[in-house]
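Hi,

Here is the structure I promised to pass on. Have a look at it first, and then read my notes below.

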Amino acid sequence: MTLALHITIQTPPVGLVYGLQKGHGGKFEIEQIQHSTGQDLHFDWVIDVKGDKQKESAPGFGGPFVQGAPPEKFLYVNIGTYAGQQLHSGWRLKIPLRGITWDMIDQANAGLETYVQGTAKNGAPTCATVKPFSGWRLKTLPKK
């Protein structure tokens, strides 16, 4: 089973490159590369859902974008040099997968989404583990 995830990085610093990390350790690729103009950035993942909801209280996650060990799996958005930009600095934004339940997965016809503030109080890009993390919610489809 797979699960579609969408993240909006709100008002990131201008002039930086952002991208999704696919792979682990020193062997990774960057996908969905975007250049920040200060407007919101949008990224989409599809991850694997593992486990048996009849036997396990929480789902497990896998796939080429999923990082970390259970139960603290997460996704990386790479920034600056980590996203392939020629800068002196690079950052990683760690998006936790905690809080996703079997019930949410069952109802997630359009997937799940979350929003993250893109700029820290000091003006740098938000990086490391998102705090506070507002969590995941059911993604709503645009009205026609």
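A quick word on terms before anything else: helices (H or I, at least four residues) and strands (E, at least two) are DSSP runs, and they are numbered from the N terminus. With that in hand, Gln 117 sits in strand β9. Please keep in mind that this is a predicted model.

The overall picture

The protein has 1 helix and 11 strands. Starting at the N terminus, the order of elements is β-β-β-β-β-β-β-β-α-β-β-β. The radius of gyration is 15 Å, close to the 15 Å that the globule rule gives for 144 residues, so the protein is as compact as a globular protein of that length. If you want a feel for the dimensions, the C-alpha trace spans about 50 × 40 × 25 Å along its principal axes.

Of the 144 residues, 42% are buried. The surface exposed by the protein comes to about 8,200 Å², with carbon and sulfur atoms supplying 52% of it. On the charge side, there are 15 positive and 11 negative side chains, and the centres of these two sets lie 5 Å apart. I also looked at contacts between residues at least 6 apart in sequence: 63% of them join residues at least 24 apart.

The five-stranded sheet

In which order do the strands of the open sheet of 5 strands run? The order is β5-β4-β1-β9-β11, and the pairing is mixed. At the edges are β5 (60–62) and β11 (137–138), each of which pairs on one side only.

Walking across from the β5 edge:

- β4 (residues 41–50) pairs with β5 in the antiparallel sense, over 3 bridges. Here Asp 48 stands opposite Gly 62 of β5.
- β1 (residues 2–10) is joined to β4 by 8 bridges, and these two strands run antiparallel. Leu 3 has Ile 47 in β4 as its bridge partner.
- β9 (residues 112–117) and β1 pair in the parallel sense over 6 bridges. Ile 7 finds its bridge partner in Thr 114 of β9.
- β11 and β9 pair in the antiparallel sense over 2 bridges. Across that pairing, Glu 113 stands opposite Arg 137 in β11.

Two residues in β9

I took a closer look at Thr 114 and Gln 117, beginning with Thr 114, which lies in strand β9. Is Thr 114 buried or exposed? Its relative accessibility is 1%, so Thr 114 counts as buried; the cut-off for buried is under 20%. Setting aside neighbours within four places in sequence, Thr 114 is in contact with His 6, Ile 7, Thr 8, Ile 95, Phe 133, Ser 134, Gly 135 and Trp 136. Among those contacts is Ile 7, the bridge partner in β1 that came up above.

Gln 117 is also placed in strand β9. At 41% relative accessibility, Gln 117 counts as partly exposed, because that value falls between the 20% limit for buried and the 50% limit for exposed. Which residues is Gln 117 in contact with, leaving aside its neighbours within four places in sequence? They are Gln 10, Thr 11 and Thr 126. As for Val 130, which is 13 residues away from Gln 117 along the chain, the two C-alpha atoms are separated by 8.7 Å.

Cheers

Conventions. Residues are numbered from 1 along each chain as its sequence is written. This is a predicted model: local features need pLDDT of at least 70, side-chain atom pairs count only at pLDDT 80 or more; totals for chains, interfaces and linings use all residues. Side-chain values use heavy atoms; hydrogens and water are left out. The radius of gyration is taken over C-alpha atoms; the globule rule is 2.2 Å times the number of residues to the power 0.38. Buried means under 20% relative accessible area, exposed over 50%, partly exposed in between (1.4 Å probe, protein chains only). Contact means heavy atoms within 4.5 Å. Accessible areas come from the Shrake-Rupley method with a 1.4 Å probe; for residues, only the protein chains shown count as cover. Lys and Arg count as positive and Asp and Glu as negative; His and the chain ends are not counted. The place of a charge is taken as NZ of Lys, CZ of Arg, CG of Asp or CD of Glu. Two strands pair if DSSP finds at least two bridges between them.
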